[in-house]
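Here are some worked exercises to try with the model open in your viewer. Have a go at each task before you read its solution.

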Amino acid sequence: MNSKHCEWCGGLSSSYYYRFVINPLQIILLDSPMIHSIDKENQVVTLKNGEKYDYSALISPDTAAGYNEIFPHIFCSEKCEDTFVERYSIIYRKDVTVISLKDEGIFNPVVVPVEHINYNNDTCKQCKNNFPNLNKRYIHIKIVSKTIQKANINDKPDLSKYPVVFSDMYHGKQHGNYYLFEIEHNKSTWGEAQFCSNECAFQYTIENDCIIMYKNNILEGSFCHVSPYTTKINEGLGNPYKYRPQKMSRH
Ligand SMILES: [Zn+2]
Ligand SMILES: [Zn+2]
């Protein structure tokens with residue numbers, strides 16, 4: 001059976017599907033009285049004060065968005081898509097026309113069906129299946145050494161030897177582990193590959209003793225890591241999604 005885990009709820013599903021998730025840099029409200037004209041062919045909005053704004057796509061009849069990064073992610077159901085979007089939904093003030101989400105540090109994702117985008121069919125390096133892709137790039141880096149250390153939340157890990165560190169401790173859990181990695185520094189040894197899912201990326205890290213870095217639009221557009229310890233870390237954190245990548249904390 002071909003099943004994958006939902007990137008939002010973590011559930012294993014045989015009816016999973018891909019959606020493209022956009023992390024907009026900027027939103028333009030096209031019904032604003034401040035707008036002079038909208039050039040849909042060249043995707044430029046001109047305001048009455050003469051300012052011009054480019055956009056990447058219309059995301060609804062009266063909303064345009066500018067973005068650079070649009071990544072495929074796996075959901076199990078419309079309910080998961082909806083709760084993901086609702087989690088980050090914001091109310092736009094009526095008197096604004098252009099909202100610079102990136103500049104204001106606001107993550108307000110947009111989810112679109114893959115058929116709406118002119119995508120590529122990439123082949124997963126691990127399972128060899130094709131999947132829809134556009135901008136997603138995975139970097140894999142060889143692990144030189146790795147270890148797990150028992151720790152208290154106030155202990156400091158040895159960052160000089162292990163520049164990549166994850167922890168399964170948080171405010172409500174003062175004792176746990178540090179997961180420490182020394183990685184290959186020479187960037188000419190780093191490789192690039194495509195993976196259909198976090199579970200395939202995880203399997204690849206196990207078989208090749210590497211960590212994988214990529215940008216993730218479910219995790220707020222942040223850089224994140226998959227490593228041979230990913231499932232252990234999520235177990236320690238109590239995350240229902242055992243393949244959830246760790247947000248970047250490289251020192
Ligand atoms: Zn789900
Ligand atoms: Zn795969």
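Buried residues make up 31% of the 251 residues in the protein chain, where a residue is buried if 20 or more other C-beta atoms, placed from the backbone, lie within 10 Å of its own, exposed if 12 or fewer, and partly exposed in between. This is a predicted model, in which local features need pLDDT of at least 70 and side-chain atom pairs count only at pLDDT 80 or more, while totals for chains, interfaces and linings use all residues. Residues are numbered from 1 along each chain as its sequence is written, and chains are lettered from A and ligands numbered from 1 in the order in which they are written.

**Exercise 1. Describe the overall layout of the chain.**

Step 1: Start with the extent. The C-alpha trace spans about 60 × 45 × 40 Å along its principal axes.

Step 2: Count the elements. The chain has three helices and 21 strands; these are DSSP runs numbered from the N terminus, with helices (H or I) of at least four residues and strands (E) of at least two.

Step 3: Look at the contacts, meaning residue pairs whose C-beta atoms, placed from the backbone, lie within 7 Å. Of the contacts between residues at least 6 apart in sequence, 66% join residues at least 24 apart.

**Exercise 2. Find the two domains and characterise the side of domain 1 that touches domain 2.**

Step 1: Set the bounds, which come from an automatic or database domain assignment. Domain 1 covers 4-116 and domain 2 covers 138-247.

Step 2: Place them relative to each other. Their C-alpha centres lie 29 Å apart, and the contact takes 15 residues from domain 1 and 14 residues from domain 2.

Step 3: See what domain 1 brings. Strands E1 (4-5) and E10 (70-75) each supply at least two residues of the side that touches domain 2, and the largest share, three residues, comes from E10.

Step 4: Sort that side by type. It divides into eight nonpolar, four polar and three charged residues. Here Ala, Val, Leu, Ile, Met, Phe, Trp, Tyr, Cys and Pro count as nonpolar, Asp, Glu, Lys and Arg as charged, and the others, Gly among them, as polar.

**Exercise 3. Trace the hairpins that involve E6.**

Step 1: Recall the pairing rule: two strands pair if DSSP finds at least two bridges between them. Strand E5 (residues 35-39) and strand E6 (residues 44-47) run antiparallel and are joined by four bridges, with Ile 38 partnered by Val 45 in E6.

Step 2: Inspect the first turn. Four residues separate E5 and E6 in this hairpin, and Gln 43 in the turn has a positive phi of about 55°.

Step 3: Move on to strand E7 (residues 52-54), which is antiparallel to E6 and linked to E6 by three bridges. Val 44 has Asp 54 as its bridge partner in E7.

Step 4: Inspect the second turn. There are again four residues between the strands, and Gly 50 takes a positive phi near 95°.

**Exercise 4. Which strands stand at the edges of the open sheet E10-E3-E12, and why is one side of each left without a neighbour?**

Step 1: Read the order. This open sheet has three strands, E10-E3-E12, with antiparallel pairing.

Step 2: Identify the edges. E10 and strand E12 (110-113) each have a single partner strand, so one side of each has no neighbour in the sheet.

Step 3: Add the geometry. Neighbouring strands are turned by 40° against each other on average, direction ignored, using lines fitted to C-alpha atoms as axes, with angles between N-to-C directions running from 0 to 180 degrees.

Step 4: Check one pair. Four bridges join strand E3 (residues 17-22) to E12, and Val 21 stands opposite Val 111 in E12.

**Exercise 5. Locate the largest nonpolar core and the place of helix H2 in it.**

Step 1: Define the set: buried Ala, Val, Leu, Ile, Met, Phe, Trp, Tyr and Cys residues joined through C-beta atoms within 7 Å. The largest such core has 26 residues, and Phe 181, Phe 195, Ala 201, Ile 211 and Ile 212 have the most contacts inside it.

Step 2: List the suppliers. Strand E16 (164-167), strand E17 (175-183), H2, E19 and E20 each give at least two residues, and E19 gives the most, with five.

Step 3: Zoom in on Ile 211. Leaving out residues up to four places away in sequence, its contacts include Ile 141, Val 164, Phe 181 and Thr 205.

Step 4: Turn to H2 (residues 198-208), whose buried residues include Ala 201, Phe 202 and Thr 205. The buried residues of H2 pack against E1, strand E15 (138-152), strand E19 (210-216), strand E20 (222-226) and helix H3 (230-237). Just after H2, Asp 209 takes a positive phi of about 45°.

Technical notes:
Two residues are in contact if their C-beta atoms, placed from the backbone, lie within 7 Å.
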